[in-house]
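Here are a few exercises to work through with the model open beside you. Try each task before you read its solution.

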Amino acid sequence: MSLGETVVSKFPEPFRSIALKHRELVKFALVGGTCFVIDTVLFFGIKIVILPNNPVTAKIIATLVATIVSYILNREWSFRTRGGRERHHEALLFFLVNGIGIVLNSAPLYIARYVFHLQEPHVSRLTEEISDFLSAQIIGTLIAMAFRWYGYKKWVFPEENGRKKRSIEDEKELGHS
């Protein structure tokens, strides 16, 4: 029994059945939660220490790092049975979907800062920090997450059991060579 199955077996019904039925979504959410923490820590660290005058750039850098972690975890865990594409094609599509995700994730912060002027001296430092957190880490993340979930299932990892099928095809090709 895997670690995930052990954890899910402790859930009370009907949550256990729902979690088992939607295991890809649960894994995607756990990877997303991990990457959210990475993104948040990096975003505020970079914004406060390195790029205090460039919060959107800090957000983009943090999201890029979290995206790399996300690719590894989603490919090897969340969607490990999905596939149907060669790895370089899959990676290209993953990073294309995430490039769009970065724009979607950064747009609310950009709008809050530069359209609504929710930054010093127009608002207090506390208001600026709350606005940055809500726009970049909550609103932007939710919008991008919904798009990524759709994009991963539709374009990046389109076939259920695609990796299993691909490895069988590879074995057949090697056997016939």
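**Exercise 1. Which residues in H4 meet which residues in H6?**

Before we start, this is a predicted model, where local features need pLDDT of at least 70, side-chain atom pairs count only at pLDDT 80 or more, and totals for chains, interfaces and linings use all residues. Residues are numbered from 1 along each chain as its sequence is written, and side-chain values use heavy atoms, with hydrogens and water left out.

Step 1. Find the two elements: H4 covers residues 55–78, and H6 covers residues 125–156. Helices here are DSSP runs of H or I with at least four residues, and strands are E runs of at least two, numbered from the N terminus.

Step 2. Look for contacts, meaning heavy atoms within 4.5 Å. On the H4 side you should pick out Lys59, Thr63, Thr67, Ser70 and Asn74, and on the H6 side Ala136, Gln137, Arg148 and Tyr152.

Step 3. Sort those residues by type: two are nonpolar, five polar and two charged. The nonpolar class is Ala, Val, Leu, Ile, Met, Phe, Trp, Tyr, Cys and Pro, the charged class is Asp, Glu, Lys and Arg, and the others, Gly among them, are polar.

**Exercise 2. Describe how H4 and H6 cross.**

Step 1. Two packed helices are described by the angle between their axes and the distance between the axes.

Step 2. Here the axes come within 14 Å and cross at roughly 35°. Each axis is a line fitted to C-alpha atoms over the stretch in contact, with angles running from 0 to 180 degrees between N-to-C directions.

Step 3. Now the hand: H4 passes H6 in a right-handed crossing. That's the case where the near helix is turned clockwise from the far one by less than a right angle; anticlockwise would be left-handed.

**Exercise 3. Is alanine 136 buried or exposed, and what is it in contact with?**

Step 1. Alanine 136 sits in H6 and is buried, with a relative accessible area of 0%. The cut-offs are under 20% for buried, over 50% for exposed, and partly exposed in between (1.4 Å probe, protein chains only).

Step 2. Skip the neighbours within four places in sequence, and alanine 136 is in contact with Phe43, Lys59, Asn105, Leu109, Ser131 and Thr141.

Step 3. Check one C-alpha distance too: threonine 40 is 96 residues away from alanine 136 along the chain, yet their C-alpha atoms are separated by 9.0 Å.

**Exercise 4. Trace the salt bridges of arginine 125 with glutamate 120, glutamate 128 and glutamate 129.**

Step 1. Recall that side chains of opposite charge can pair when their charged atoms come close. The test for a salt bridge is a side-chain nitrogen of Lys or Arg within 4 Å of a carboxyl oxygen of Asp or Glu.

Step 2. Go through the partners:

- Glutamate 120: closest N and O atoms 3.6 Å apart; this residue is partly exposed at 41%.
- Glutamate 128: 3.9 Å, N to O; three residues from arginine 125 in H6, about one turn, and buried at 6%.
- Glutamate 129: 3.2 Å, N to O; because it lies four residues from arginine 125 in H6, about one helical turn separates them.

Step 3. Widen the view: shared partners join Lys47, Arg113, Glu120, Arg125, Glu128, Glu129 and Asp132 into one network. Arginine 125 itself is partly exposed, at 42%.
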